[in-house]
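Welcome! Take a moment to turn the model around on your screen, and then let us walk through it together, one region at a time.

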Amino acid sequence: LLAILHYSAVSITVIMLCNIAALLWLERAIPWRHQHRQEKLPSRLAMALESLKLCGVVVLGFLLGLTGLAFLKHATEASEYTLIFLLFLIGIQLRNNGMTLKQIVLNRRGMMVAIVVLGSSLIAGAVNALLLDLPLRAGFAMASGFGWYSLSGILMTESFGPVIGSAAFFNDLGRELIAIMLIPALVRRS
């Protein structure tokens, strides 16, 4: 558990610092001059509590896994089908929000932000690999979750084992919680 905490804390810190530095550089290099109106956002507390509920589910799942019940031996096979179902639900959610694939892909500023975050996350992944004495591909993989904890934890567990998989889960969950707290403040400022 201490190794998971250590890997997660270092990864969250390094990745967030690299992302923020790269996004500040993007804002200075290519300022965004778009005038937009601020929509009402849910409270930070409500958003944080939603993510903390997911942490509670993980803790309950961990405790259930410790029981060694017979039906749990098929959990690995079930995880792949669960991920496919989650991807299906995300597609439905995007469509219900009225977003078309064209709107997502042809958003110039959004694509620039995505590319900057991708590049800075991969740089952070290399730094993490050095700091945590991990293989470079494990560092890149941990940095490539982009807050998608439901996917990264499972894939990393299958590829690198339960310690790295759990660290990847908490890394991505932590990044999401921090983003939930920072984005409303940053939207007002920039």
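Let us begin with a serine. Ser8 sits in helix α1, which covers residues 2-29. Please keep in mind that you are looking at a predicted model. Ser8 counts as buried because its relative accessibility is 5%, below the 20% limit used for that label. A polar atom of the Ser8 side chain lies 2.8 Å from the backbone oxygen of Ile4. Setting aside residues up to four places away in sequence, Ser8 touches Ser166, Ala167, Phe170 and Asn171.

Now look along the whole of α1. With 28 residues at 1.5 Å each, this helix should span 40 Å, and its end C-alpha atoms are indeed 40 Å apart, so the two values agree. Ser8 has company in being buried: the buried residues of α1 also include Ile4, Tyr7, Ile15, Asn19 and Leu26.

Asn19 leads us to another helix. Its side chain is joined to that of Ser121 by a polar contact of 3.1 Å. Ser121 is found in helix α5, and it is buried, with a relative accessible area of 0%. Leaving aside neighbours within four places in sequence, Ser121 is in contact with Ile15, Asn19, Ala143, Phe146 and Arg175.

Next comes the loop between α5 and α6, which is the place of Asp133. Although Asp133 is not a glycine, it has a positive phi of about 55°. Is Asp133 buried or exposed? At 70% relative accessibility, Asp133 counts as exposed, because the cut-off for that label is over 50%.

Beyond this loop lies helix α6, residues 136-143, whose buried residues are Ala138, Gly139, Met142 and Ala143. Seen down the axis of α6, these buried residues fall within an arc of 130°, so they line one face of the helix. It helps to recall that an α-helix has 3.6 residues a turn, so residues three or four places apart point the same way.

Helix α7 can be read in a similar manner. In α7, the residues Tyr149, Ser152, Gly153 and Met156 are buried. They cover an arc of only 100° around the axis, which puts them on the same side of α7. The twelve residues of α7, 149-160, should span 16 Å at 1.5 Å a residue, and the end C-alpha atoms are 15 Å apart, which agrees. After α7 comes Gly161, with a positive phi near 100°.

Which residues have the most contacts inside the largest nonpolar core? They are Tyr7, Leu132, Leu134, Met142, Met156, Ile164 and Ala167, in a core of 15 residues. Helices α1, α5, α6 and α8 each supply at least two residues of this core, and α1 gives the most, with five. In soluble globular proteins, nonpolar side chains tend to be buried together. Ala167 shows how these parts meet: not counting residues up to four places away in sequence, Ala167 touches Ile4, Tyr7, Ser8 and Met142.

One last stop is a pair of rings. A search of the whole structure finds one aromatic pair. Phe169 and Phe170 form this pair edge-to-face, at 5.1 Å centre to centre and with 85° between the planes. Phe169 counts as buried, at 12% relative accessibility, whereas Phe170 is partly exposed, with a relative accessible area of 32%. Phe170 also brings us back to the start, as one of the residues that Ser8 touches.

Conventions. Residues are numbered from 1 along each chain as its sequence is written. This is a predicted model: local features need pLDDT of at least 70, side-chain atom pairs count only at pLDDT 80 or more; totals for chains, interfaces and linings use all residues. Side-chain values use heavy atoms; hydrogens and water are left out. Helices (H or I, at least four residues) and strands (E, at least two) are DSSP runs, numbered from the N terminus. The expected span of a helix is 1.5 Å times one less than its number of residues. Buried means under 20% relative accessible area, exposed over 50%, partly exposed in between (1.4 Å probe, protein chains only). The arc is that of the directions from the helix axis to the C-beta atoms. Rings of Phe, Tyr and Trp (its six-membered ring) pair if their centres lie within 6.5 Å; planes under 30 degrees apart count as stacked, over 60 as edge-to-face and the rest as tilted. A polar contact is a pair of N or O atoms within 3.5 Å; within protein, one must be able to donate a hydrogen and the other to accept it, and residues adjacent in sequence count only if both atoms are side-chain atoms. Contact means heavy atoms within 4.5 Å. A nonpolar core is a set of buried Ala, Val, Leu, Ile, Met, Phe, Trp, Tyr and Cys residues joined through side-chain atoms within 4.5 Å.
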